[in-house]
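Me: Hi! Could you walk me through this one while I have it open?

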Amino acid sequence: MDLLNTLVDKGLRRELPTREEALAVLATSDDDVLDVVAAAGKVRRHWFGRRVKLNYLVNLKSGLCPEDCSYCSQRLGSKAGILKYTWLKPDEASRAAAAGLAGGAKRVCLVASGRGPTDRDVDRVSDTIKAIKDENENVEVCACLGLLSDGQAERLREAGADAYNHNLNTSEGTYGEITTTHTYADRVDTVQKAHAAGLSACSGLIAGMGESDEDLVDVVYALRELDPDSVPVNFLIPFEGTPLAKEWNLTPQRCLRILAMVRFVCPDVEVRIAGGREVHLRTLQPLALNLANSIFLGDYLTSEGQAGKADLEMIADAGFEVENAGEVTLPEHRASVAGGCGSHAEAGCGTHDGAGCGSQAEAGCGSHADGGVCGSAAAVPAAASAPAEARTDLVSVRRRGAGTDLAPNA
């Protein structure tokens with residue numbers, strides 16, 4: 001298995017695979033998916049052992065977004081029957097966060113729909129961060145508020161935010177096909193603002209929107225250049241009432257190949273399985289823990305995930321362990337001196353110059369959020385999985401937790 005052996009060796013050295021090698025991973029057959037998982041798993045375990053970091057989403061403001069992101073249930077014109085509410089008060093958000101932390105989460109992700117925050121919104125979120133950290137000193141807080149204006153990242157950092165999430169979602173070449181109200185360059189600019197402010201950058205992608213293998217490789221290589229500390233991988237949840245409601249392009253095996261490709265390209269970065277894992281990975285979710293070292297606990301922004309207790313049982317049954325608050329997530333060469341969630345400064349996930357390593361509405365922010373493997377990359381023929389059957393029964397709109405009177409799932 002020359003291809004996989006090569007990719008493992010490169011991953012252990014933090015060396016960037018060639019584009020042909022990355023494409024070859026996506027082109028492997030379902031018959032070889034376990035070999036792919038085993039190979040990428042060696043890289044994952046080298047950098048992260050058997051730890052799984054738990055993250056918990058709090059949707060501070062749901063729906064009513066002016067942006068037109070086609071994948072998003074909160075978008076302008078969405079007919080999806082999601083919860084709609086304005087800003088949670090700091091004490092409400094703190095109570096919601098506490099449920100996730102009690103379930104074992106190490107990071108709380110504060111998300112708000114919208115193009116980007118006003119200065120008043122930054123004040124609101126700053127108050128919320130303080131309320132959460134007053135009750136939980138060691139918690140990591142990641143903000144996800146959309147496109148940032150000058151100075152806002154610095155203010156969030158001063159307020160105690162540890163990280164900022166803003167996903168690229170798809171390749172630059174196809175970005176205009178899913179969103180017209182802002183640009184790919186806008187998203188890149190926000191990630192760079194987070195970096196410059198000293199925040200741990202979190203930026204990822206959405207798979208399953210009809211993109212090509214080349215698009216997937218393009219966005220992952222772009223992420224490596226941006227060098228975020230964490231890369232959430234979302235699998236499109238085709239909400240009824242959104243333009244992409246009919247896009248059921250993913251199989252569990254396809255999802256595993258995508259996660260493996262991300263791990264090979266970004267070997268020492270926190271790879272997080274984000275929105276859509278229950279819908280598309282289904283019973284193969286435990287296998288994905290061999291590729292990703294981070295998941296969301298319980299529910300997402302507008303959809304329900306599997307029970308938090310089931311997440312914990314899955315981790316234990318698969319032979320992994322929940323990462324505790326005292327453990328540093330990232331390898332030493334990437335970890336920040338002060339925090340433990342990691343800093344991009346002088347970190348890079350590759351050995352070449354410039355190297356570096358929701359989400360959709362479910363795990364990101366409001367402006368929004370196949371042949372053999374035995375030969376060389378060039379010799380690997382393509383044989384795609386059969387089109388996935390629509391499983392609308394697995395798409396469940398969130399009706400509990402933040403913004404409701406019902407207990408959260410954590």
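Reply: Happy to. One term to begin with: helices (H or I, at least four residues) and strands (E, at least two) are DSSP runs, numbered from the N terminus. With that, strand β1 (residues 51-61) gives the largest share of the lining of the largest cavity, 4 residues. Two notes on the source: this is a predicted model, where local features need pLDDT of at least 70, side-chain atom pairs count only at pLDDT 80 or more, and totals for chains, interfaces and linings use all residues. Residues are numbered from 1 along each chain as its sequence is written, and side-chain values use heavy atoms, with hydrogens and water left out.

Me: How much space lies in the largest cavity?
Reply: About 100 Å³. On a 1 Å grid over the protein atoms alone, a cavity is a set of points where a 1.4 Å probe fits but cannot get out, and lining residues have an atom within 4 Å of a point. Grid points are joined across faces, edges and corners, and the volume is the space filled by probe spheres set on the points.

Me: And which residues are closest to its centre?
Reply: Y56, L57, R398, G401 and A402, out of 13 that line the cavity. The lining divides into 7 nonpolar, 3 polar and 3 charged residues. Here Ala, Val, Leu, Ile, Met, Phe, Trp, Tyr, Cys and Pro count as nonpolar, Asp, Glu, Lys and Arg as charged, and the others, Gly among them, as polar.

Me: Switching to the strands, what does β1 pair with?
Reply: β1 runs parallel to β2, with 6 bridges joining them. Strands pair if DSSP finds at least two bridges between them. N59 stands opposite V111 in β2. From β1 the chain crosses through helix α4 (residues 90-102) to β2, a right-handed β-α-β crossover. Right-handed means that, with the strands pointing away from the viewer, the path from the first strand over the helix to the second runs clockwise.

Me: Why is β2 called largely enclosed?
Reply: Because 6 of its 6 residues are buried, meaning under 20% relative accessible area (exposed is over 50%, partly exposed in between; 1.4 Å probe, protein chains only). R107, C109 and V111 cover one side, with V108, L110 and A112 on the other. In a regular strand the side chains alternate between the two faces of the sheet.

Me: What's on the two sides of β3?
Reply: E140, C142 and C144 lie on one side and V141 and A143 on the other, all buried. β3 spans residues 140-144. It runs parallel to β2 (residues 107-112), joined by 5 bridges. The chain gets from β2 to β3 through helix α5 (residues 119-135), in a right-handed crossover.

Me: Which residue stands opposite E140?
Reply: R107. Their side chains also make a polar contact of 3.0 Å. A polar contact is a pair of N or O atoms within 3.5 Å; within protein, one must be able to donate a hydrogen and the other to accept it, and residues adjacent in sequence count only if both atoms are side-chain atoms. E140 has a relative accessible area of 6%, so it is buried.

Me: Where is D162, and is it buried or exposed?
Reply: D162 is in the loop between α6 and β4, and it is buried at 15% relative accessible area. Its side chain makes a polar contact of 2.9 Å with that of K133. The C-alpha atoms of D162 and R107 are separated by 9.4 Å, though these residues are 55 apart along the chain.

Technical notes: On a 1 Å grid over the protein atoms alone, a cavity is a set of points where a 1.4 Å probe fits but cannot get out, and a pocket is an open set with protein on both sides within 12 Å along at least five of seven lines; lining residues have an atom within 4 Å of a point.
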